[in-house]
Amino acid sequence: MRLLDRLTIIKEGIGIALDAIRSNKVRASLTIMGVAVGVFVVTAMAAAVHGIRASFQGDVEAFGATSFQVRRRGIQLSGCDGGDDDCPERRNPALKLGEAAALRRLPSVQAVTVRWGDSRPIRYHDRFLKDVGYDALSAEWLETDAGDISPGRNFSALEDQAAARVVIINDSLQSQLFSDGDPIGKQIQIASQPFTVIGVYHTTAGFLKTMDGRGPDKPRAIVPYNTAKRHLGVWDRGVSLMVKPRPDAVQSEVMDDVTAVLRGLRGLRPGQPNNFALVTSERMMETFDKIFGAIFMVGLALSAVGLLVGGVGVVAIMMISVTERTREIGVR
C-alpha cells in the first residue's frame with residue numbers, strides 16, 4: 001500500500017472520529033472528563049505532597065545542615081496513654097539554662113539557642129489582638145534561625161540576663177498594630193506588661209513555620225527568654241535547645257560531646273539511659289515522611305477510586321457506542 005493511500009485512510013478515520021464526537025457531544029465530554037479528573041487528582045496529590053515536603057525541608061535546612069535540637073522528650077508519632085511506668089520519658093527533667101551555658105563552652109559548638117513558644121494578648125492603644133504567638137529565645141537565636149531584622153536590632157545578652165522588657169515583632173504584627181507607622185521605640189502591652197519594640201523581624205515562608213504559626217502571614221513576637229520567664233511565665237518542661245556546631249565540626253562528634261556533657265551534669269551512670277533527646281534534621285524529615293507518607297497513600301487510594309469510577313464510566317460509554325453501531329462497524 002502506497003504512503004498516499006495510508007495517509008488517506010488515516011485522514012478518513014480521523015474524520016469519522018470527529019463526526020462521531022460532534023454527534024455525541026455529551027458522551028465525548030463525559031469520557032474526557034472521566035479520564036481527566038482521575039489523572040488530575042493523582043497528579044495533584046503527588047505534586048502537593050512533593051511541594052509540602054520541599055517546603056518542610058527548606059525550613060529544616062534554614063536552621064543549619066548540621067544543627068540539631070536538644071529536647072526533654074523525643075519526637076514521637078504516638079503518645080503515651082499509660083502512666084509514668086508506661087512512658088518513662090514523662091519523668092525526664094526539664095532543660096536548664098546552666099546546661100545551655102555548659103554546651104556553649106564546648107569547643108565544637110558555635111551557638112546554643114534556648115527556645116520556648118506560647119501566646120498572649122497584645123495591645124497598642126485602641127488596637128487589641130486577643131491571641132498572638134510569641135517566642136522566648138536567648139540572644140543567639142539569629143545564628144540558628146534564617147531571617148533579618150530591619151529596621152531595628154536584636155536584643156543583647158545583657159538585656160536577656162536583665163530580663164529587659166523589649167520585643168521584636170514580625171511584619172504582620174507591625175501592620176496590624178502600627179499600619180504604616182514606625183514601630184521602633186513604641187511601647188506595646190503583652191499580657192498587660194509593657195514592652196518596648198526594638199526591631200521588626202522578616203521571616204521566610206515555609207510549611208513548617210506556617211503550620212507552627214511562625215509564617216510571615218501570622219502576627220508573632222520575639223522576647224528574651226529570661227524576660228518571658230520573669231514577666232510572662234514559662235513552662236520549663238517545654239523548653240528546648242537548638243545547637244549549631246562549628247563549620248569544621250562533624251555533627252556526630254558534636255552530638256557525642258553534647259550527650260557526654262548532659263549526662264555528666266545530670267549524674268547519669270554508664271548503664272542508665274539518657275533522660276533527654278537529640279533530634280537531627282534527618283530525624284525530623286523521617287517523621288515528616290512517615291506522617292505525610294500515610295496521608296499520601298490515603299490520598300492515592302482515594303484518587304485511584306476516582307480514576308476507577310471514571311474508567312468504568314468510560315468503558316460503559318464505549319460499550320453503548322459500540323453496541324449502537326454494531327451494524328455500521330461491520331459494514332465498514
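**Aromatic pairs, strand pairing and surface features**

W141 and Y201 are both buried. These residues belong to a predicted model, and they form an aromatic pair. The rings of W141 and Y201 meet edge-to-face, with 5.1 Å from centre to centre and 75 degrees between the planes. This pair links distant parts of the chain, since W141 sits in the loop between β3 and β4 while Y201 belongs to strand β7, 60 residues apart.

In total, two aromatic pairs were counted. The other is formed by Y124 and F178, whose rings are tilted at 50 degrees between the planes, with a centre-to-centre distance of 4.4 Å. Y124 is part of strand β2 and F178 is part of helix α5, so this pair ties together parts that lie 54 residues apart in sequence. Y124 is buried, as is F178.

Helix α5 spans residues 171-178, and its buried residues are S172, L173, Q174, L177 and F178. The buried residues of this helix pack against several strands: β2 (109-124), β3 (127-137), β5 (166-170), β6 (187-190), β7 (193-202) and β8 (220-224). Just after the helix, S179 adopts a positive phi of about 55 degrees.

Strand β2, one of the strands against which α5 packs, pairs with β3, β6 and β9. The pairing of β2 with β3 is antiparallel and extends over nine bridges. Within the β2 and β3 pairing, R123 stands opposite F128 of β3. The two strands form a hairpin with two residues between them, and in this hairpin H125 has a positive phi near 55 degrees.

β2 is also antiparallel to β9 (residues 240-245), to which it is joined by six bridges. Here the bridge partner of A111 is K244 in β9. With β6, the pairing of β2 is again antiparallel and consists of two bridges. In that pairing, I122 lies opposite I190 of β6.

A further set of contacts involves strand β4, which covers residues 148-152 and includes D148. When neighbours within four places in sequence are left aside, D148 is in contact with V200, Y201 and H202. One of these residues, Y201, is also the ring partner of W141. D148 and V200 are 52 residues apart along the chain, and their C-alpha atoms are separated by 8.3 Å. D148 has a relative accessibility of 44%; because partly exposed residues fall between the limits of 20% and 50%, D148 counts as partly exposed.

The surface carries a nonpolar patch formed by L3, L7, I10, I14, L18 and I21. Together, the residues of this patch have about 580 Å² of accessible area. L3, one of the patch residues, is found in helix α1, which comprises residues 3-23. The relative accessible area of L3 is 61%, so this residue is classed as exposed, the limit being over 50%. In contrast to L3, which is exposed, the aromatic residues W141 and Y201 are buried.

Notes. Residues numbered from 1 in each chain as written. Predicted model: local features only at pLDDT ≥ 70, side-chain atom pairs only at ≥ 80, totals over all residues. Heavy atoms only, no water. Buried < 20%, exposed > 50% of the residue type's maximum accessible area, 1.4 Å probe, protein only. Helix = DSSP H or I, 4+ residues; strand = E, 2+ residues; numbered from the N terminus. Contact = heavy atoms within 4.5 Å. Patch = residues over 30% accessible without salt bridge, like charges linked within 9 Å, V, L, I, M, F, W, Y side chains within 5 Å. Areas by Shrake-Rupley, 256 points an atom, 1.4 Å probe, with all protein chains shown as cover. Salt bridge = Lys/Arg side-chain N within 4 Å of Asp/Glu carboxyl O. Pairing = 2+ DSSP bridges. Phe/Tyr/Trp six-rings, centres within 6.5 Å; stacked < 30°, edge-to-face > 60°.
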